[in-house]
Amino acid sequence: MCNSYSITKGQAAIIAFVRAARDLTGNLPPMPGIFPDFLAPIARTAADGIRELAMARWGMPGPPAFGGAPITNIRNVKSPHYASAFTHRT
C-alpha cells in the first residue's frame, strides 16, 4: 500500500534518524494514519542551513485540471506540474 504512512517511533528517534538539529514539531504524538492534507512532520534544510524537523501539509498539490486536491502518488513524473518537486529535494 503505497499511501500507507504512519508514525510509530518516538520523537527522539525520528530526530536522530533525520539528523535534525532543530525540532519545530512541538509535542509529537504517535500518528497511526497520515493522509493527504493532514499535518505531518517532515525533515528539511531551513534557509539558514540548519537541518530541522517541522510540521507541513502532507501530500503534493494535485493538478488544477483535476481539482487540485492533494495527492501522494505521482504517476507521470514528466508532467510539468511536478517538475519543481523533483529538483528541490534535500
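A residue is called buried under 20% relative accessible area, exposed over 50%, and partly exposed in between (1.4 Å probe, protein chains only). The structure is a predicted model, in which local features need pLDDT of at least 70 and side-chain atom pairs count only at pLDDT 80 or more, while totals for chains, interfaces and linings use all residues. Residues are numbered from 1 along each chain as its sequence is written, and side-chain values use heavy atoms, with hydrogens and water left out.

**Exercise 1. Determine the order of the elements and the arrangement of the sheet.**

Step 1. The protein has one helix and three strands; helices (H or I, at least four residues) and strands (E, at least two) are DSSP runs, numbered from the N terminus. From the N terminus on, the elements follow the pattern α-β-β-β.

Step 2. The three strands form an open sheet in the order β1-β3-β2, with mixed pairing. Strands β1 (22–23) and β2 (39–45) stand at the edges with a single partner strand each, so one side of each has no neighbour in the sheet.

Step 3. Two strands pair if DSSP finds at least two bridges between them. β1 and β3 are parallel over two bridges, whereas β2 and β3 are antiparallel over seven bridges. In the first pairing Arg22 stands opposite Glu52; in the second, Pro41 stands opposite Met55.

Step 4. The hairpin of β2 and β3 has five residues between the strands, and Gly49 there takes a positive phi near 85 degrees.

**Exercise 2. Describe the surroundings of Glu52: is this residue buried or exposed?**

Step 1. Glu52 belongs to strand β3. With a relative accessible area of 4%, Glu52 is buried.

Step 2. Contact means heavy atoms within 4.5 Å. Beyond its neighbours within four places in sequence, Glu52 is in contact with Ala20, Arg22, Leu24, Ile42, Ala43, Arg44 and Ala46. The C-alpha atoms of Glu52 and Ile42 are 8.2 Å apart, and the two residues are ten residues apart in sequence.

Step 3. The side chains of Glu52 and Arg22 are joined by a polar contact of 2.8 Å. Such a contact is a pair of N or O atoms within 3.5 Å; within protein, one must be able to donate a hydrogen and the other to accept it, and residues adjacent in sequence count only if both atoms are side-chain atoms.

**Exercise 3. Classify the two aromatic pairs.**

Step 1. Rings of Phe, Tyr and Trp (its six-membered ring) pair if their centres lie within 6.5 Å; planes under 30 degrees apart count as stacked, over 60 as edge-to-face and the rest as tilted. The structure holds two such pairs.

Step 2. Tyr5 and Trp58 are stacked, with 4.6 Å centre to centre and 20 degrees between the planes. Tyr5 lies before α1 (11–18) and Trp58 after β3 (51–57), so the pair ties together parts 53 residues apart in sequence. Tyr5 is partly exposed at 26%, and Trp58 is partly exposed at 26%.

Step 3. The ring centres of Phe35 and Phe38 are 5.5 Å apart and the planes are at 80 degrees, so this pair is edge-to-face. Phe35 is partly exposed at 46%, and Phe38 is partly exposed at 38%.

**Exercise 4. Which residues make up the largest nonpolar core?**

Step 1. A nonpolar core is a set of buried Ala, Val, Leu, Ile, Met, Phe, Trp, Tyr and Cys residues joined through side-chain atoms within 4.5 Å.

Step 2. The largest core has nine residues: Ile7, Ile14, Val18, Ala20, Leu28, Met31, Ile34, Ala40 and Leu53.
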